[in-house]
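Visitor: Before the details, I should like to know how the terms used for a protein model are justified. Could you take me through them?

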Amino acid sequence: MQKTTTSVNKSRGLGHLLRSTIAAFCVAAVTGAAVPRAAVAADYPTKAVTLVVWSGAGGALDTYGRKLAELLEKESGWTVKVDNRAGGSGAVGLSQIVTQPADGYNILVLTGTLTFGIAQGLIPFKVEDLRLLRAMQSEPSSLAVLSSSPYKSVDEFVKYMKDHPNGMKVGGHSSGGFHQYMLYQMMKQGGFESGWIPHDASGKVTLALLGKHIDAAMMTPSTALSQVKSGEIKLLGVSTAERSPFLPDAPTFKEQGFDLEGAIWRGIAVKAGTPDDVVASIQTAIDKVTASAEWRKFQEEQFQDSPNWSEEEFTSRVKKDLAEQAEFLKSAGFLK
């Protein structure tokens, strides 16, 4: 009996689909309009969508990914799973995307370290393997120490490092990534030497600093959000052009004589070849998230700027970053 019912339902479904398709062609013939590709994908998503976060739990990227998942469910009615895939400077998470069908059901949550990883060969993929859909957050780097540290400014930190080469243990997220790039620029301008202790998740950087396994960190302020807010961790310098409204008491590197400016983005991407209609559905859902009061509150609480880059602009910026960072990595000796 069950088999007969299933067959009847399938027949009805196929009949309905055929009639709908014929009707669409008839309308197109009369009006001259193109038959919409979205006819099949109009119901996307019809099952759970997975956000593949390419870092471990507890860091700034994971916090962003989980809030995004929560609001996609709340604002668009999606069912969303979060899958943390840490390792390989993002290569593990990206691999999870490119080995799945290009259907939009696996969305990568990634950061601007993408280009550093590709440039170094740590990520064995190309920018062209992805469709970069939206940059949703942007945040500077900072030089952070414990409040008990004797160093009160970037100048004091640099002076100590000049007098004691590699005298402090400095670390941050990833090897050869954005934050190490910021440290390298400071080293060049300040004339000092420093090693680098990489961590595979930004949350581990905070734990290392609090546990005194490192003496200083180059990190995004939100990496240690509660400790920065409470004053347990102090920021000696921030890589914004002017003081951030989120961090009015934290001086910039520029006001301390260092020409150090830059920010790292966080956003989403899907596998190259994902159909335009599916991408449009994802973008519409993201629009609902970013228009919500809860998202705006979250951004303020997390000290995040909100880039508004189209897919085309996002892709163009990433390719430009890749070219510039490859040059930096070569000059810094990361590449032969």
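Guide: Let us start with contact, which means heavy atoms within 4.5 Å. In this predicted model, helix α6 (residues 154-163) lies across β5, β6, β8 and β9.

Visitor: What makes α6 roughly perpendicular to β9, given that it runs at about 90° to β9?
Guide: Angles of 65 to 115 degrees count as roughly perpendicular. Helix α6 runs at about 90° to β9, so the term applies.

Visitor: Which strands form the sheet that includes β9, and in what order?
Guide: The order is β7-β6-β8-β5-β9, an open sheet of 5 strands with mixed pairing. Strands β7 and β9 (233-238) stand at the edges, each with a single partner strand, so one side of each is left without a neighbour in the sheet. On average, neighbouring strands here are turned by 30° against each other, direction ignored.

Visitor: How do you know that β5 and β9 pair?
Guide: Pairing requires at least two bridges between the strands. Strand β5 (residues 142-146) and β9 have 5 bridges, in the antiparallel sense, and therefore pair. Within this pair, Ala144 stands opposite Leu235 in β9.

Visitor: What makes the pairing in this sheet mixed?
Guide: While β5 and β9 pair in the antiparallel sense, β6 (residues 170-173) and β8 (residues 216-219) pair in the parallel sense over 3 bridges. There, Gly172 has Met218 in β8 as its bridge partner. Strand β6 also pairs in the parallel sense with β7 (residues 197-199), over 3 bridges, and His173 is matched with His199 in β7.

Visitor: What is the strand order in the sheet that contains β10?
Guide: That open sheet has 5 strands in the order β2-β1-β3-β10-β4, and its pairing is mixed. Its edge strands are β2 (80-84) and β4 (130-140), each pairing on one side only. The twist averages 20° from one strand to the next.

Visitor: How do you know that β3 and β10 pair?
Guide: The criterion is again at least two bridges. Strand β3 (residues 106-111) and strand β10 (residues 263-271) have 4 bridges in the antiparallel sense, so they pair. One bridge joins Val109 to Ile268 in β10. Helix α5 (residues 113-120) packs on the sheet, touching β3, β4 and β10, and its direction makes about 90° with that of β3.

Visitor: Why is α4 called roughly antiparallel to β3, when it runs at about 155° to β3?
Guide: Angles over 145 degrees count as roughly antiparallel. Helix α4 (residues 91-98) runs at about 155° to β3, so it meets that criterion.

Visitor: How do the axes of α3 and α10 cross?
Guide: The axes of α3 (residues 60-76) and α10 (residues 276-291) come within 9 Å and cross at roughly 100°. That makes α3 roughly perpendicular to α10. Leu68, Leu71, Leu72, Glu75 and Ser76 in α3 meet Ala285, Ile286, Lys288 and Val289 in α10.

Visitor: Which residues have the most contacts inside the largest nonpolar core?
Guide: They are Leu114 and Ile282, in a core of 48 residues. Beyond its neighbours within four places in sequence, Ile282 is in contact with Tyr44, Trp78, Gly104, Ile107, Leu133, Ile268 and Val270. Apart from this core lies another of 28 residues, among them Met161, Ala216, Leu236 and Leu260.

Visitor: What makes a residue count as buried, and how much of the chain does so?
Guide: The cut-off is under 20% relative accessible area. Buried residues make up 50% of the 336 residues in the chain.

Definitions and conventions. Residues numbered from 1 in each chain as written. Predicted model: local features only at pLDDT ≥ 70, side-chain atom pairs only at ≥ 80, totals over all residues. Heavy atoms only, no water. Buried < 20%, exposed > 50% of the residue type's maximum accessible area, 1.4 Å probe, protein only. Core = buried A, V, L, I, M, F, W, Y, C linked by side-chain atoms within 4.5 Å. Helix = DSSP H or I, 4+ residues; strand = E, 2+ residues; numbered from the N terminus. Axes fitted to C-alpha atoms, helices over the stretch in contact; angles between N-to-C directions. Parallel < 35°, antiparallel > 145°, perpendicular 65-115°, else oblique.
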